[in-house]
Amino acid sequence: MTKPDNKQRLYELLNESATVAFDMKRNIRFMVCPAESRDLNVIWMIKSIRFNTATPIARIRMDCPCYAEKNSNFVNPQWFLSDEEVDYFNSFIRKKTTCDFSVVPAECTVFANAILRMNIEKYNVDPVETLKLKYSDYQNIKESPLPYDLPIPDYSQLKLKKPF
């Protein structure tokens, strides 16, 4: 069996991915991709709304203000954010957005929408069940869905952390 090329691997990752938000003014897309890392929950900030294997992607963990380490599933160049881009990411994920799920409030943060999408795509947990999950009961383990009230990390700390 031949090893898939980067285009095929990106296609496979995108097949399990979900877009969380767009910023049309900046030409930025935000996604979650459960197949990219089985051990971590990661938000992708992509440097273009339309992208391919050459498009840089910032891979930022949802549980702490850290970049995800590169793994063998990941095919795109890694994007390490400038201080201005960190400020943008930190504020954008806190913005209110329209939620597509009737069981949640009409508006939620981009981060909360990412939680809902990740739980559907990675853990097969629907939004009704996600709303029942509480941070106080959360165990940050490999097969644990994210609680809806997971605190948004202070991503301004990404400025202080050196990429690996």
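A disulfide is taken here as a pair of cysteine sulfur atoms within 2.5 Å. By this criterion the predicted model holds 0 disulfides. The pair formed by cysteine 64 and cysteine 66 illustrates the point: the sulfur of cysteine 64 has its closest cysteine sulfur in cysteine 66, at 3.2 Å, and this is too far for a bond because the cut-off is 2.5 Å. Seen from the other side, the sulfur of cysteine 66 likewise has its closest cysteine sulfur in cysteine 64, at 3.2 Å, again too far for a bond. Cysteine 64 has a relative accessible area of 16% and is therefore buried. Cysteine 66, at 19% relative accessibility, also counts as buried, since the limit for that class is under 20%.

The chain contains 4 helices and 6 strands. Their order along the sequence is α-β-β-β-β-α-β-β-α-α. The chain has 164 residues, of which 48% count as buried. Of the contacts in the chain between residues at least 6 apart in sequence, 46% join residues that are at least 24 apart.

Four of the strands make up a sheet. The sheet is open, with 4 strands in the order β1-β2-β3-β4 and antiparallel pairing. β1 (18-23) and β4 (57-61) are the edge strands; each has a single partner strand, so one side of each is left without a neighbour in the sheet. From one strand to the next, the twist averages 20 degrees. Helix α3 packs on this sheet and touches β1, β2 and β3, with its direction at about 160 degrees to that of β1.

The pairings within the sheet can be described in turn. β1 and β2 are joined in the antiparallel sense by 5 bridges. Within this pair, aspartate 23 has isoleucine 28 of β2 as its bridge partner. The two strands β1 and β2 form a hairpin, with 4 residues between them. In the turn of that hairpin, asparagine 27 has a positive phi of about 60 degrees. Strand β2 (residues 28-32) is in turn joined to strand β3 (residues 42-46) by 4 bridges, and these strands run antiparallel. One of the partnerships here is that of valine 32 with isoleucine 43 in β3.

Helix α3 spans residues 110-123 and has 14 residues. The distance from its first C-alpha to its last is 19 Å, close to the 20 Å expected at 1.5 Å a residue. The helix is mostly covered, 12 of its 14 residues being buried. Among the buried residues are Val110, Phe111, Ala112 and Ala114, together with the polar or charged residues Asn113, Arg117, Asn119 and Lys122. After α3 comes asparagine 124, which has a positive phi near 55 degrees.

Isoleucine 115 is a residue of helix α3. Its relative accessibility is 0%, and isoleucine 115 therefore counts as buried. Apart from neighbours within four places in sequence, the residues in contact with isoleucine 115 are Met62, Thr130, Leu146, Pro147, Tyr148 and Leu150. Proline 127 lies 12 residues from isoleucine 115 in sequence, and the C-alpha atoms of these two residues are 9.3 Å apart.

Charged side chains were examined next. The structure holds 2 salt bridges. In one of them, the side chains of arginine 61 and aspartate 63 meet at 2.7 Å, N to O. Aspartate 63 has a relative accessible area of 29% and is therefore partly exposed. In another, glutamate 129 is paired with lysine 132, with 3.1 Å between the closest N and O atoms. Glutamate 129 and lysine 132 are 3 residues apart in helix α4 (residues 127-132), so about one helical turn separates them. An α-helix has 3.6 residues a turn, so residues three or four places apart point the same way. Glutamate 129 is partly exposed, with a relative accessible area of 37%, whereas lysine 132 counts as exposed at 53% relative accessibility.

Note on methods:
Residues numbered from 1 in each chain as written. Predicted model: local features only at pLDDT ≥ 70, side-chain atom pairs only at ≥ 80, totals over all residues. Heavy atoms only, no water. Expected span 1.5 Å × (residues − 1). Buried < 20%, exposed > 50% of the residue type's maximum accessible area, 1.4 Å probe, protein only. Pairing = 2+ DSSP bridges. Axes fitted to C-alpha atoms, helices over the stretch in contact; angles between N-to-C directions. Contact = heavy atoms within 4.5 Å. Salt bridge = Lys/Arg side-chain N within 4 Å of Asp/Glu carboxyl O.
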